[in-house]
Amino acid sequence: MGMDIEIMKLNSEMIKYTSALKVLETQLEIINDTFKYTKSYNPIEHIKTRIKTVDSIKKKLKKKGYRFTVKNIEEHINDIVGVRVICSFEDDVYDLVDIIRKSEILTVVKEKDYIKTPKPTGYRSYHMIVKVPVPLINDNVEIYAEIQIRTLAMDLWASLDHKLNYKSDYTTKRIANKMYKISNELFKIDEEMSKTLKLENKIKKQTKKK
Ligand code: 0O2
């Protein structure tokens, strides 16, 4: 019964989260339009958005040891609004992080660099928690959102990992190790790609000078 009331309360709060997602998406589109002109290619491959499901919110609260209440959601879950930005090269990820840090609209409150320090699973990504200002009709609120930024290769791994083993441990250590190795192989490819891009740009510059 108590949980039903909390679900009803959450439904009426949802407008804040769906609106926050709209504000965040627009900001990222503006950043993308600007970002395009600083590089010779479009550094953002694509952007995916999601609002966390009630089931997923319940699970996360339980894992953290909190009851399912709107108050606990507001205090302890900061990724109901989620955006994933897939970049072409590793440098693009860090350039984008810098642009977001300088935003006058979004305020960065937390950053986790799982590229420099991957998770023990092999997961690589750059995570930012940002505060998004949301102008509602009769109220101005601030909503937390998570931005995950990673390369195509990092996303390839994360997507397949998610499908192979949705949020549970792999059946055997051997499979977990294999996934970890695959992640490292993909990272080597990312590095090779970056080196190739730099070399290509360098040669292009030299031939232009002549
Ligand atoms: P979903 O399905 O994306 O909603 P916090 O309390 O915020 O510090 P949290 O939320 O665990 O701790 O933060 P973290 O570890 O920075 O980010 C969690 C998110 O990163 C997950 O969200 C996944 O999207 C992603 N992630 C982390 N580790 C892995 C991994 O090993 N494999 C894959 N595929 N994704 C991973 P959710 O909420 O768990 O899930």
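Start at Ile 149 in this predicted model. Setting aside neighbours within four places in sequence, Ile 149 is in contact with Val 85, Cys 87, Val 93, Leu 96, Val 97, Ile 100, Ile 115, Ser 125, Tyr 126 and Met 128. Click through those and you're already inside the largest nonpolar core, since Ile 149, Val 85, Leu 96 and Ile 100 are among its residues with the most contacts inside it. Leu 24, Ile 73 and Val 130 belong to that group too, and the core as a whole has 40 residues.

Where do those residues come from? At least two each are supplied by α1 (2-38), α2 (54-64), α3 (70-76), β2 (81-87), α4 (90-101), β4 (126-135) and β5 (140-151). The largest share is that of α1, with 10 residues. There's also a second, separate core, this one of eight residues, including Trp 157, Tyr 170, Met 179 and Leu 186.

Now swing over to the ligand. It has 22 residues around it, and the ones that come nearest are Lys 52, Lys 60, Lys 112, Lys 119 and Asp 161. Sorted by class, this shell holds 12 charged residues, with five polar and five nonpolar ones. As for the elements involved, α2, β3 (107-113), β5 and α5 (152-164) each bring at least two residues to the shell. Here α5 has the largest share, at four residues. So two of the names from the core tour turn up again: α2 and β5 each supply at least two residues to the largest core and at least two to the ligand shell.

Some specific distances are worth displaying. For Lys 52, an N or O atom of the side chain sits 2.6 Å from an oxygen atom of the ligand. Lys 64 has a polar side-chain atom 2.8 Å from a ligand oxygen, and for a polar side-chain atom of Asp 79 the distance to a ligand oxygen is 3.4 Å. On its own the ligand would expose 770 Å², and the protein buries 80% of that.

Last stop: Thr 107, in strand β3. Is Thr 107 buried, partly exposed or exposed? It counts as partly exposed, because its relative accessibility is 37%, and that class lies between the 20% and 50% cut-offs. Leaving out residues up to four places away in sequence, Thr 107 touches Ile 129, Val 130 and Lys 131. One of these, Val 130, is a residue you met in the largest core. Asp 139 is another matter: it is 32 residues from Thr 107 along the chain, and the C-alpha atoms of the two are separated by 19 Å.

Definitions and conventions: Residues are numbered from 1 along each chain as its sequence is written. This is a predicted model: local features need pLDDT of at least 70, side-chain atom pairs count only at pLDDT 80 or more; totals for chains, interfaces and linings use all residues. Side-chain values use heavy atoms; hydrogens and water are left out. A nonpolar core is a set of buried Ala, Val, Leu, Ile, Met, Phe, Trp, Tyr and Cys residues joined through side-chain atoms within 4.5 Å. Buried means under 20% relative accessible area, exposed over 50%, partly exposed in between (1.4 Å probe, protein chains only). Contact means heavy atoms within 4.5 Å. A residue is near a molecule or strand if one of its heavy atoms lies within 4 Å of it. A polar contact is a pair of N or O atoms within 3.5 Å; within protein, one must be able to donate a hydrogen and the other to accept it, and residues adjacent in sequence count only if both atoms are side-chain atoms. Accessible areas come from the Shrake-Rupley method with a 1.4 Å probe; for residues, only the protein chains shown count as cover. Ala, Val, Leu, Ile, Met, Phe, Trp, Tyr, Cys and Pro count as nonpolar, Asp, Glu, Lys and Arg as charged, and the others, Gly among them, as polar.
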